[in-house]
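Q: Please take me on a close look at one part of this chain, starting from a single residue and working outwards. I'd like to know where that residue sits, what surrounds it, and how far the model can be trusted.

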Amino acid sequence: CDPGFYGADCKSKCSRNCSSAGHICDVINGSCFGCNPGVYGDKCITPCPPNCKDSVCSIKTGNCFSCKSGFYGSECFIPCSNSCKEAACEINSGNCTKCNSGFYGANCMISCPTNCKNSDCDINSGNCTSCQAGFQGDRCVEVILIIITGDINFIDCLIILACSNYTHGESCKFICSQNCKSNFTGSRVCDSANGHCLNGCRSGYDGLDCLKCKLMNYYFL
């Protein structure tokens, strides 16, 4: 057949949406070898989904190769999370590629730790990129205490790492026992190194870390 025609008598015209030069198609069934942007299918007459980037989709399935900003999925119909920065997410999973300030996680729905400087943390781990003054550690929960050891007019000090009032242990990753008694002054409730309760135990509990039930004497009449 001449270019642009197909069929037994070569009188049927190939689709004008066939992308090859001269709109060449299969001489037997008229199927296009490629489609112009915006259409797909054997004859390239079915519109690609509207949110395909640059209106380009698979000639066979109609699935988008990439999505316009703010959408994901094979046909780019699903909106990205509002917490994704610049509405950018991965085409297959919908996971955000960047988060708005103060959030992290696949869908950017988890708040960064309180003491992250400028509320900025890693999108995957949630670790702070830097800490507010007075804190340090991956999640900025280690409190920096400065104790003056010499004349206050001289820079002579010892920096001691401690944890926030309700955490203890390496990197402050352990929570103080819920049975530690609080003195309601905002001061810490357990030792930052070993977790021992500093103000005693709540009623009914005993031990250094208040994890034991307190033995009581009962009298029956």
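A: S74 is found in the loop between strand 5 and strand 6. Please keep in mind throughout that this is a predicted model. S74 counts as partly exposed because its relative accessible area is 43%, a value between the 20% and 50% cut-offs. Once residues up to four places away in sequence are set aside, S74 touches N63 and C64. S74 also comes to 7.3 Å from I91, C-alpha to C-alpha, although 17 residues separate the two in sequence.

N63 leads us to another serine. S58 is in contact with N63, as well as with Y40 and F65, again leaving aside neighbours within four places. S58 lies in the loop between strand 4 (46-47) and strand 5 (71-72). Is S58 buried or exposed? S58 counts as buried, because its relative accessibility is 16% and the cut-off for buried is under 20%.

Now for the stretch around these serines. In an unreviewed UniProt entry, the annotation "domain: EGF-like" covers residues 47-77, along with 13-45, 79-109, 111-141 and 171-211. Over residues 47-77 the chain is 0% helix and 10% strand, with 14 Å between the end C-alpha atoms. Residues 79-109 are likewise 0% helix and 10% strand, and their end C-alpha atoms lie 15 Å apart.

Within 79-109 you can find a salt bridge, the 1 salt bridge that the structure holds. The side chains of E86 and K98 form it, with 3.1 Å from N to O. The pair is 12 residues apart, and both E86 and K98 are in the loop between strand 6 (78-79) and strand 7 (103-104). E86 is exposed, since its relative accessible area is 53%, whereas K98, at 37%, is partly exposed.

A little further along is C108, in the loop between strand 7 and strand 8 (110-111). Its phi is near 55°, a positive value in a residue other than glycine. Most residues other than glycine have a negative phi. C108 counts as buried because its relative accessible area is 0%. C140 has a positive phi near 55° too, and is not a glycine either. This cysteine lies in the loop between strand 9 (135-136) and strand 10 (142-148), and C140 is buried, at 0% relative accessibility.

Cysteines also turn up when we look back towards the start of the chain. The largest nonpolar core has 8 residues: Y6, C14, C18, C25, C32, C35, V39 and C44. In soluble globular proteins, nonpolar side chains tend to be buried together. One of the core residues, Y6, has a long list of partners beyond four places in sequence, including C1, K11, C14, C25, I28 and K43.

At the other end of the chain, L211 sits in the loop between strand 14 (205-206) and strand 15 (212-213). L211 counts as exposed, because its relative accessibility is 57%. Even so, L211 is in contact with S177, N179 and D206, not counting neighbours within four places. The C-alpha atoms of L211 and N179 are 6.9 Å apart in space, with these positions 32 residues apart in sequence.

Let's step back to the whole protein. There are 0 helices and 15 strands, and 31% of the 221 residues count as buried. The exposed area comes to about 14600 Å², and carbon and sulfur atoms supply 54% of it. Among contacts with a separation of 6 or more, 16% join residues 24 or more positions apart.

Finally, how confident is the predictor? The average pLDDT is 84, and 86% of the residues score at least 70. Two stretches call for caution when you read the model. Residues 147-161 stay under a pLDDT of 50, though the model gives them 21 contacts beyond four places in sequence. Residues 217-221 are also below 50, and that stretch has 0 contacts beyond near neighbours in sequence.

Methods:
Residues numbered from 1 in each chain as written. Predicted model: local features only at pLDDT ≥ 70, side-chain atom pairs only at ≥ 80, totals over all residues. Heavy atoms only, no water. UniProt positions renumbered as here; feature names shortened; annotations may be inferred. Helix = DSSP H or I, 4+ residues; strand = E, 2+ residues; numbered from the N terminus. Core = buried A, V, L, I, M, F, W, Y, C linked by side-chain atoms within 4.5 Å. Buried < 20%, exposed > 50% of the residue type's maximum accessible area, 1.4 Å probe, protein only. Contact = heavy atoms within 4.5 Å. Areas by Shrake-Rupley, 256 points an atom, 1.4 Å probe, with all protein chains shown as cover. pLDDT = per-residue confidence, 0-100. Salt bridge = Lys/Arg side-chain N within 4 Å of Asp/Glu carboxyl O.
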